[in-house]
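Me: I'm new to this structure and would love a close look at one part of it. Could you choose a spot and walk me through it slowly, along with whatever surrounds it?

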Amino acid sequence: QVQLVESGGGLVQAGGSLRLSCAASGRTFYSYAMGWFRQAPGKEREFVAAISRTGSRRYYADSVKGRFTISRDNAKNTVYLQMNSLKPEDTAVYYCAGSTSYSITSNADEYHYWGQGTQVTVSS
């Protein structure tokens, strides 16, 4: 199994940037497609971005496309989410997740391992 720990959240002003990191333990990080999800108070968890095992394929929610970038460094067992041009509606707890599926997916049910989440707050 793999354990995931997010970091890098915080409070920023609208228009600012943050980079989230997700550190994975275990010996098979390279075999997992990775995704980022977020959940705002009173709302359901929503898909943000996903990346394939090698990093060759990326998939973004329409709400963040062009502003967020997902990347990974398999040698460091880490996946990143670079968030630019942040908006107040981006405020949420952000979770990273891993999937053994070969194809990247926005379906949370296909992600088997989850981190504890990191809070991102964007002020206007």
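Reply: Happy to! One term comes up throughout: a strand here is a DSSP run of E with at least two residues, and strands are numbered from the N terminus. Please keep in mind that this is a predicted model.

Let's begin at Asn77, which sits in the loop between strand 7 (68-73) and strand 8 (78-83). The backbone is what catches the eye here: phi of Asn77 is near 55 degrees, a positive value although the residue is not a glycine. As background, most residues other than glycine have a negative phi. Is Asn77 hidden away? With a relative accessible area of 22%, Asn77 counts as partly exposed, because buried would require a value under 20%.

Following the chain through strand 8, you come to a second example. Ser85 lies in the loop between strand 8 and strand 9 (92-99), and its phi is also positive, near 50 degrees. Ser85 is partly exposed too, at 41% relative accessibility.

Now look at the strands on either side of Asn77. Strands 7 and 8 belong to an open sheet of four strands, in the order 1-3-8-7, with antiparallel pairing. Strand 7 is an edge strand, as is strand 1 (3-7), and each of these pairs on one side only. On average, neighbouring strands in this sheet are turned by 15 degrees against each other, direction ignored. Towards the other edge, five bridges join strand 1 to strand 3, and Gln3 stands opposite Ser25 of strand 3.

Strand 3 leads us to the one disulfide found in the whole structure. It joins Cys22 to Cys96, with 1.9 Å from S to S. Cys22 is in strand 3 (residues 18-25) and Cys96 in strand 9, so the bond ties together parts that are 74 residues apart in sequence. The torsion about the S-S bond is about 50 degrees, which means that this disulfide is right-handed. Both cysteines are buried.

To finish, turn to the interior. The largest nonpolar core has 35 residues, and Trp36, Leu81, Met83 and Tyr94 have the most contacts inside it. Several strands from our walk give two or more residues to this core, including strand 3, strand 7, strand 8 and strand 9. The biggest share comes from strand 5 (46-51), which gives five residues.

Technical notes
Residues numbered from 1 in each chain as written. Predicted model: local features only at pLDDT ≥ 70, side-chain atom pairs only at ≥ 80, totals over all residues. Heavy atoms only, no water. Buried < 20%, exposed > 50% of the residue type's maximum accessible area, 1.4 Å probe, protein only. Disulfide = S-S within 2.5 Å. Core = buried A, V, L, I, M, F, W, Y, C linked by side-chain atoms within 4.5 Å. Pairing = 2+ DSSP bridges. Axes fitted to C-alpha atoms, helices over the stretch in contact; angles between N-to-C directions.
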